[in-house]
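User: I am new to this structure and would like to understand how some of its descriptions are reached. Could you take me through the reasoning behind them?

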Amino acid sequence: MKTLDRPRSTAATGPPEDGTRAAQPFWTSRRRDQLAGYLFIAPQLIGTVVFVLIPLGLVVWYSFHEWNVLAGTFHSVGTDNYHKLLDDPKLPGVLRATAYFSVGLVVLNLSLALALAVLLNQKLRGSVVFRTLFFSPVVVSLVAWTIVWGFLLQKNGGINAGLDLIGVHGPNWLRSEGTSMLSAVVVQCFKNVGLNMVLFLAALQGVPRELYEAATVDGAGRWRQFWRITVPLISPTILLTSIITVVGSLQVFAQIAVLTQGGPSGSTTVLVYYLYQQAFTFHHFGYGATLSVLLFLIVLVLTVIQWQMRKKWVFHES
Amino acid sequence: MNTQRQQRTRKFAALAATGLLALTACGGGDGSGSDDGPVTLRMTVWSGAPEHLKLLNGIADTYRKTHPEVKSIKFDVLPVENYTETLTTQMAGGKAPDLAWIFENSALDFVSSGALKEVKDDPDVLPAAKKIWQQDGKLYAYPFSTSPFGVFVNLDMLKKAGQPSPAELIKQGKWNWDEVDRIGAAVHTKTGKTGMVIRDFDYKAWDNLATYWDGWGAQAWSADGKTCGFDKPQMVAAMTSLHKAIFDDEAMLAPGTTADFFAGESAMTVTQMSRASLLTDKFKWDFVPLPEGPEGKYAVIGQAGIAVLAKSKHADAAAGFQAFMTNKENSAKLGAYFPQARSSQLNAATLAKSNAKLSEKQLADVVIDGIKNGKVKPVHIGQAEIYAAVRSGLDALWKPNADVQKVLTGVCNSIKPQLEQ
Amino acid sequence: MSRKLSTRAKLLLYGILLVLCVPFVFPTWWMATSSLKPAADIFAFPPKLFPDNPRLDAYRKVFELQPFGHQYFNSMYIAVVVTLGTLAVSSLAGYGFARIRFPGQNILFLVVLTGLLIPSEVTIVPLFQMFHDWGMIDTHWPLILVPVLGAPSVLATFIMRQFFIALPHELEEAARMDGLGRFAIYWRIALPLARPALSAVAIFTFLHSWNLYLEPIVYLSTPDMFTLPQALTQYVDAYGGPMWNVQLAAASLTALPVVAVFVFAQRQFVEGLAHTGLK
């Protein structure tokens, strides 16, 4: 597997292909290869333009308009929607809820995934069974999973019944502001942590055993080995999983719609839910589009930051 | 190894081909006919119940026999939870249906925006039932379902808890919310079950509470929609009483819990007559009018309308079908599932034919009085936004020791801008 | 860190794993068993682990109330087509970006990457209009075309690119010497080597399609065309009250077969992942 650690720069220079540069017609092998390159990426590129960029452009265009779907009116309002965005008294709360959900989910999901992966990576009979069990929620339909947790988190539901057994009186999970968002994070985490766990497990199995043996000889404890050897070596996976999880967490919709519908008191109204509400429930399509632009910018900035950070701490990039 | 790989490749290609075949078989076809020739009508509804669709399709088939220009009439079932959102999305994308069921809570939005086409008025339909579907004296939807709220009672459970039946209380003139509160608390202490459930409220759909606060003469906002009613004394009194019943007496379903009356988990429930279809013979039951409040007797109705969309490409054909579907004869058929607010049909004998589960007395007491005198739940232009703001504001009320007056003043502050628009 | 463990450590480990299992397994268990209970028993407090006298009524109703079999087929075939399509598109693009040099490559890669950043809720209205213009509303095309070509496949392309970048290019050199063209190299050399990455992409894609919720609601309006997540929310009585046990029965039917397939296939899948370039 050592080839996988090849520095990226190899790809940047590409395979040497200009060995045969004799006098040739227009279609040199290099030109032909370039054409092949374009053809290879064409479906994805055209798809991105048609199904992502053009719609995105339209969304930006809508954001400068007031659009009443019911009345069928559509007229330009300049930057009004952006002024409204800055003055929106609900927006700070929405952004706070979004940050709470995303940070909470990323921290909980990644640490639990890594912990499970490390546990399962021990030489243990039956770990395949556990691996399957931890992964199984990933394949359960999201709506079904959320509906079931909605039942379990009721005041008189399964979770509190379980807590009663050990003498704890559980709170009203989905109905109190202190626990509603926590519940949403936990439900989402258990749903998808298996995916990250498997990715970490794959990465852990790729760490050469000799490194640990050498470290043990040097007298390094397990904890130290984990931080000095394991974490750096699997850092590319940490980067990939954190990007996927962060971007995914900002797109949470069905869970909120099924579990809490943004309540209580707006405590679980995250950005996507809020923009869905503005556009589709309140019929403010123009303002909904403005919120979409905001969401896009947030995701863009976060991803750029993460991508930049990889140079600092992703091991094999250096 | 190479042949193995080729085999795999071939398998892959075969799979892909099968997929594409399936795709063309299922994804294709069904071009929505919008040409000028034979007309195809599409109507969105929120009930996928087979008996409802059978009824609707039956009416449609009869209509097509006399109207050959209408090639087909299709009923599209949209999920009830986000019915209005889905409908408006279709309209935003330029694919408005020709006809649609409209919920009462979005009635004013649809009517005032000009999204609906005027429909034929019928003097047989009670004026009170038409109110929210009218603007400037014109009718924009036929109220095809006018369903009064009443109280279903589990007589077995009341007996077990040693409580009098509502019928006795009505005779004694004591069927009121104070008594319901007392009975509910007793049921909860003695059986561990829930006393009273205001169905579908679930601490979210607050407009269902109109079945409670109307008894105090409270209202969400003034009749002209301009003044907030939540901070008025009647509302504060009603909500204080409700809060006590929920948190101090534990007579009502608590937030974050579920108890289904029809599954035998609560002694009483406030809901519409149409839910009688959910009753089984598991327990003895009764259906009675809403209890009296401090302001005396009152009634509340829920509504839904059948409308023609102004954007329809075949608005005239759609209007023709709408008129046919809601004429006297067909509305009697609709009456089997959806109570009709027509003076000609508003007698217990007619109603009893289509409501096998309810006795004539039950129908006369709750349904006929209800449809005649009932108020609709609160509706307003910009309903969805107001609705969400009130829901969010009221959340602070649904915990022990809430400051009722303060919460309700806060609700008013949060909806003032929309009310004044 | 895979060293021999003492018996005590092993017991401790098993204990931890068992406790951790509960939140992963219990909801599915509860879903499956509750679907066998009469509606009244679902909220019994405290909940029962086993139904007293299991009944299959709810399952019969699942098929009575909706064309559930048809909807199952819809979800299944859409997910399969989307998965195959995504594998083709993303492996081509991933290979192109990773192994072929052409002018504008980095810019174009960034252009494609924007797809990773845009939640589907953001573009649903313009997309709805486009598909309407193309006459594709209430067909399955939007649920196939967007995932295969649009934003969701970008993640797949990203994974494929990362994998192909790491492939030693000596393998390709040899093939070039033999006179193979680009496509032949991709098809006969790169793709077979990429099986682990492809399997990872396949499972991501399948699950994404399987779970799609907002899009079907927006694009589809005929029960015969519905997909499963959409169908699940349709089990309500005529007046909008949910039918809990029927809903749970339908939910069990959507979940259990997929879980079962995973149980059988997971060894290959996880071990496949272990060899991808995802580390």
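User: What makes Q261(A) count as buried, partly exposed or exposed?

Analyst: The model is predicted, and the label rests on a count of neighbours. Q261(A) has 17 C-beta neighbours inside 10 Å; since a buried residue needs 20 or more and an exposed one has 12 or fewer, Q261(A) is therefore called partly exposed.

User: Where does Q261(A) lie, and what is its phi?

Analyst: Q261(A) is found in the loop between α12 and α13 of chain A, and its phi is near 50°, a positive value in a residue other than glycine. Most residues other than glycine have a negative phi, and most peptide bonds are trans. The loop between α12 (254-259) and α13 (271-281) of chain A also holds P264(A), which is joined to G263(A) by a cis peptide bond with omega of about -10°.

User: How do you know whether E250(B) is buried or exposed or in between?

Analyst: Around E250(B) there are 16 other C-beta atoms within 10 Å, and because the partly exposed class lies between the cut-offs of 12 or fewer and 20 or more, E250(B) is partly exposed. E250(B), which is not a glycine, has a positive phi of about 50°, and its place is in the loop between α10 and β9 (266-272) of chain B.

User: Why are α10(B) and α16(B) called oblique to each other?

Analyst: Helix α10 (residues 233-248) and helix α16 (residues 404-420) of chain B pack at an angle of about 125°, with their axes 10 Å apart. Roughly perpendicular covers 65 to 115 degrees and roughly antiparallel begins over 145, so an angle of about 125° belongs to neither class, and the two helices are therefore oblique. The crossing of α10(B) and α16(B) is right-handed.

User: Which residues make the contact of α10(B) with α16(B), and how do they divide by kind?

Analyst: From α10(B), M235(B), V236(B), M239(B), T240(B) and H243(B) meet V404(B), Q405(B) and L408(B) of α16(B). The residues of this contact divide into 5 nonpolar, 3 polar and no charged.

User: What share of chain B is buried?

Analyst: Buried residues make up 48% of the 421 residues in chain B, a chain that has 16 helices and 12 strands.

User: How many residues of chain C are in contact with chain A?

Analyst: In chain C, 88 residues are in contact with 90 residues of chain A. The side of chain C that touches chain A divides into 61 nonpolar, 18 polar and 9 charged residues.

Technical notes:
Residues are numbered from 1 along each chain as its sequence is written. Chains are lettered from A and ligands numbered from 1 in the order in which they are written. This is a predicted model: local features need pLDDT of at least 70, side-chain atom pairs count only at pLDDT 80 or more; totals for chains, interfaces and linings use all residues. Axes are lines fitted to C-alpha atoms, for helices over the stretch in contact, and angles run from 0 to 180 degrees between N-to-C directions. Helices (H or I, at least four residues) and strands (E, at least two) are DSSP runs, numbered from the N terminus. Angles under 35 degrees count as roughly parallel, over 145 as roughly antiparallel, 65 to 115 as roughly perpendicular and the rest as oblique. A crossing is left-handed if the near helix is turned anticlockwise from the far one by less than a right angle, and right-handed if clockwise. Two residues are in contact if their C-beta atoms, placed from the backbone, lie within 7 Å. Ala, Val, Leu, Ile, Met, Phe, Trp, Tyr, Cys and Pro count as nonpolar, Asp, Glu, Lys and Arg as charged, and the others, Gly among them, as polar.
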